[in-house]
Amino acid sequence: MSSEQELSDLMVAAYNHQKNGDLSLAIQAWNQLIKHPKIDNNLTANAHLSLGNLHQLQGNDELAIESMSKAIKANPNSSQAYFCVAYLEQEQENFESAIGYFEQAIALNNTDPGAFNNLGNCYDRLDKSADAINAYTQAISLDGNYIAAIYNRGNAYIKIAKDELALADLNKAIELDANFYQAYYNRGTLLKRMGDHTQSEQDLTKAKTLAQQELEHKTLQ
């Protein structure tokens with residue numbers, strides 16, 4: 001059997017095990033693939049990424065980060081590998097580290113609005129509002145209806161008392177999703193600060209109603 005066929009068979013086996021939910025067997029297959037003497041760097045990187053995702057599904061974030069870091073070592077030009085490590089670091093609240101990985105990923109691929117939004121979230125958690133706003137704005141420039149970035153930027157503007165800009169973003173978020181109760185709540189709180197008590201009360205009441213409806217819906221599921 002040729003090396004190409006051996007590699008192909010191992011990949012098929014790994015994906016089939018994943019599809020069937022046999023994560024341990026999938027991990028074994030990917031590890032066999034990585035040890036194959038004829039594997040190239042791109043396939044090595046992809047295999048480590050797959051291993052990282054499997055480890056994450058098993059709840060082992062440390063092994064997931066280790067595997068994804070090996071993917072970066074195998075292919076330093078893999079934006080996907082940087083993104084994956086960044087998301088894991090963000091989940092573990094290692095925001096400085098996550099920012100570094102997001103910025104490296106974006107340097108390789110600057111077309112993903114989700115990456116900019118998550119970068120903004122990391123800056124926001126570190127109270128770096130200006131950097132957060134810049135990242136959210138980059139996300140919105142890529143997708144003008146990206147509601148998460150619009151909402152997040154509005155909240156960041158609130159933090160630095162840019163009330164009119166915050167209001168514009170929260171208005172847009174509600175325009176995009178009329179059931180976005182968090183946006184109603186934050187807009188209601190903002191309008192109260194701005195002196196519009198009537199609209200503020202309406203928004204806060206709407207937020208409470210929508211939140212209750214969402215809770216009841218989840219309870220019924």
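Is D127 buried or exposed? Select D127 and check: with 61% relative accessibility, D127 counts as exposed (buried is under 20% relative accessible area, exposed over 50%, partly exposed in between, using a 1.4 Å probe and protein chains only).

A word on the ground rules before moving on. This is a predicted model, where local features need pLDDT of at least 70 and side-chain atom pairs count only at pLDDT 80 or more, while totals for chains, interfaces and linings use all residues. Residues are numbered from 1 along each chain as its sequence is written, and side-chain values use heavy atoms, with hydrogens and water left out.

**Stop 1: the whole chain**

Zoom out and colour by secondary structure. You'll get twelve helices and zero strands, so a run of α after α from start to end (helices are DSSP runs of H or I with at least four residues, strands are runs of E with at least two, and numbering starts at the N terminus). Turn the C-alpha trace along its principal axes and it spans about 75 × 40 × 25 Å. The radius of gyration is 22 Å, where a compact globule of 221 residues would have one near 17 Å (taken over C-alpha atoms, with the globule rule being 2.2 Å times the number of residues to the power 0.38).

Switch on a surface next. The accessible surface is about 12,100 Å², and carbon and sulfur atoms own 47% of that (Shrake-Rupley method, 1.4 Å probe; for residues, only the protein chains shown count as cover). Of the 221 residues, 43% are buried.

**Stop 2: two loops with positive phi**

Go back to D127, in the loop between α7 (113-125) and α8 (129-142). Its phi is near 60°, positive in a residue other than glycine.

Now select E93, which sits in the loop between α5 (79-91) and α6 (95-108). Phi is positive here too, near 65°, and again the residue is not glycine. E93 counts as partly exposed because its relative accessibility is 48%.

**Stop 3: aromatic pairs**

Show the rings of Phe, Tyr and Trp. The whole structure holds four aromatic pairs (ring centres within 6.5 Å, with the six-membered ring used for Trp; planes under 30 degrees apart are stacked, over 60 edge-to-face and the rest tilted). One of them is Y15 with W30, edge-to-face at 5.1 Å centre to centre and 90° between the planes. This pair links distant parts of the chain, 15 residues apart: Y15 belongs to helix α1 (residues 3-19) and W30 to helix α2 (residues 23-35). Y15 is partly exposed at 43% relative accessibility, whereas W30 is buried at 1%.

Next, pick Y87 and F102. Their ring centres are 5.2 Å apart and their planes are at 80°, so this pair is edge-to-face. Again distant parts of the chain are linked, with Y87 in helix α5 and F102 in helix α6, 15 residues apart. Y87 counts as partly exposed at 28% relative accessibility; F102, at 0%, counts as buried.

**Stop 4: a buried arginine**

Finish at R153 in helix α9 (residues 147-159). Why does R153 count as buried? Because its relative accessible area is 15%. Which residues is R153 in contact with, leaving aside neighbours within four places in sequence? Select I133, Y136, T137, I140 and D169 to show them (contact means heavy atoms within 4.5 Å).
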